[in-house]
Amino acid sequence: QANAQTSGTIIINSGATHTNSASVTLTLSATNVTEMCFSNDDVTYSSWETYAPSIIWTIPNTEGTQTVYAQFRDSSNQTAPATASIILDTSPPVIEPYWTPYSSDYKTVYFDVTYSTDNYGIQNSTWDLGDGNVTNNYAYFTHTYTSIGNYLVTVTLTDYAGNSASV
């Protein structure tokens with residue numbers, strides 16, 4: 001039975017919902033606690049260690065939701081549990097770009113990356129349109145160039161874990 005005055009919480013990577021690294025920072029907040037230990041499966045726990053406000057912890061290197069379990073212990077050997085979860089995503093987006101002329105003078109071009117995919121979602125896109133213009137956060141749009149010519153266009157997609165890919 002935990003002492004009503006003994007409690008603790010975990011925040012992973014400052015409250016981020018996604019990470020691209022199995023090494024995470026646990027920010028801990030606890031009341032009347034002297035020791036703590038951690039687990040990735042709620043069965044096998046690390047050794048008890050002196051309470052600290054943060055530690056580096058390694059979650060399983062498997063994509064998907066990973067949960068960290070903690071036990072906080074007070075000087076009377078009473079414990080209190082806490083958990084927190086984060087999505088591990090180490091794969092960059094797969095970009096499926098599409099473009100086509102959108103006007104009879106070929107100056108306006110339609111760009112599209114809506115068929116691009118990512119395991120856990122695409123957070124944003126950045127388009128370098130090759131003429132000094134950069135457009136952010138558009139899945140599809142048209143752009144009008146001032147003159148006909150060859151332009152090197154680069155699109156970069158970034159997912160919620162910070163993984164990115166460019167084409």
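The following exchange concerns a predicted model and takes up its sheets, its core and its pocket.

Reader: What makes E7 a largely enclosed strand?

Author: Strand E7 covers residues 64–73, and eight of its 10 residues are buried, so E7 is largely enclosed by the rest of the structure. Buried here means under 20% relative accessible area.

Reader: How do you know that E7 is paired with E4 and with E8?

Author: Two strands are taken as paired if at least two bridges are found between them. Five bridges join E4 to E7, and these two strands run antiparallel, while E7 and E8 pair in the antiparallel sense over 10 bridges, so both pairs satisfy the requirement of at least two. Gln71 in E7 illustrates both pairings, since Cys37 stands opposite Gln71 and the bridge partner of Gln71 in E8 is Pro81. E7 and E8 also form a hairpin with five residues between them, and Asn77 in that turn has a positive phi of about 70°.

Reader: Why are E2 and E5 called edge strands?

Author: The open sheet of five strands has the order E2-E8-E7-E4-E5, with mixed pairing. Strand E2 (18–19) and strand E5 (49–50) each have a single partner strand, so one side of each is left without a neighbour in the sheet, and both stand at the edges.

Reader: Why is Thr62 called partly exposed, and where does it lie?

Author: Thr62 has a relative accessible area of 47%; buried would require under 20% and exposed over 50%, so a value in between is called partly exposed. Thr62 lies in the loop between E6 and E7. Although Thr62 and Leu88 are 26 residues apart in sequence, they are 7.0 Å apart in space, C-alpha to C-alpha.

Reader: What makes a set of residues the largest nonpolar core, and which elements contribute to it?

Author: Such a core consists of buried nonpolar residues joined through side-chain atoms within 4.5 Å, and the largest one has 19 residues, with Ile10, Ile12, Leu26, Phe38, Trp57, Ile59 and Val68 having the most contacts inside it. The elements giving two or more residues to this core are the strands E1, E3, E4, E6, E7 and E8, and the largest share, four residues, comes from E8. In soluble globular proteins, nonpolar side chains tend to be buried together.

Reader: How do you know that E11 and E14 are partners, and where do they stand in their sheet?

Author: Strand E11 (residues 122–128) and strand E14 (residues 154–159) pair in the antiparallel sense over six bridges, and at least two bridges are needed, so they count as a pair. As one example of the register, the bridge partner of Thr126 in E14 is Thr156. Their open sheet has four strands in the order E12-E11-E14-E15, with antiparallel pairing. Strand E12 (134–136) and strand E15 (164–166) each have a single partner strand, so one side of each is left without a neighbour, and these two stand at the edges. Neighbouring strands of this sheet are turned by 15° against each other on average, direction ignored.

Reader: What is the make-up of the lining of the largest pocket?

Author: The largest pocket, with a volume of about 360 Å³, is lined by 18 residues, of which Trp99, Val109, Phe111, Tyr151 and Val153 lie nearest its centre. The lining divides into 14 nonpolar, three polar and one charged. Strand E9 (98–101) and strand E10 (108–112) each supply at least two lining residues, and the largest share, three residues, comes from E9.

Conventions: Residues are numbered from 1 along each chain as its sequence is written. This is a predicted model: local features need pLDDT of at least 70, side-chain atom pairs count only at pLDDT 80 or more; totals for chains, interfaces and linings use all residues. Side-chain values use heavy atoms; hydrogens and water are left out. On a 1 Å grid over the protein atoms alone, a cavity is a set of points where a 1.4 Å probe fits but cannot get out, and a pocket is an open set with protein on both sides within 12 Å along at least five of seven lines; lining residues have an atom within 4 Å of a point. Grid points are joined across faces, edges and corners, and a volume is the space filled by probe spheres set on the points. Ala, Val, Leu, Ile, Met, Phe, Trp, Tyr, Cys and Pro count as nonpolar, Asp, Glu, Lys and Arg as charged, and the others, Gly among them, as polar. Axes are lines fitted to C-alpha atoms, for helices over the stretch in contact, and angles run from 0 to 180 degrees between N-to-C directions. Buried means under 20% relative accessible area, exposed over 50%, partly exposed in between (1.4 Å probe, protein chains only).
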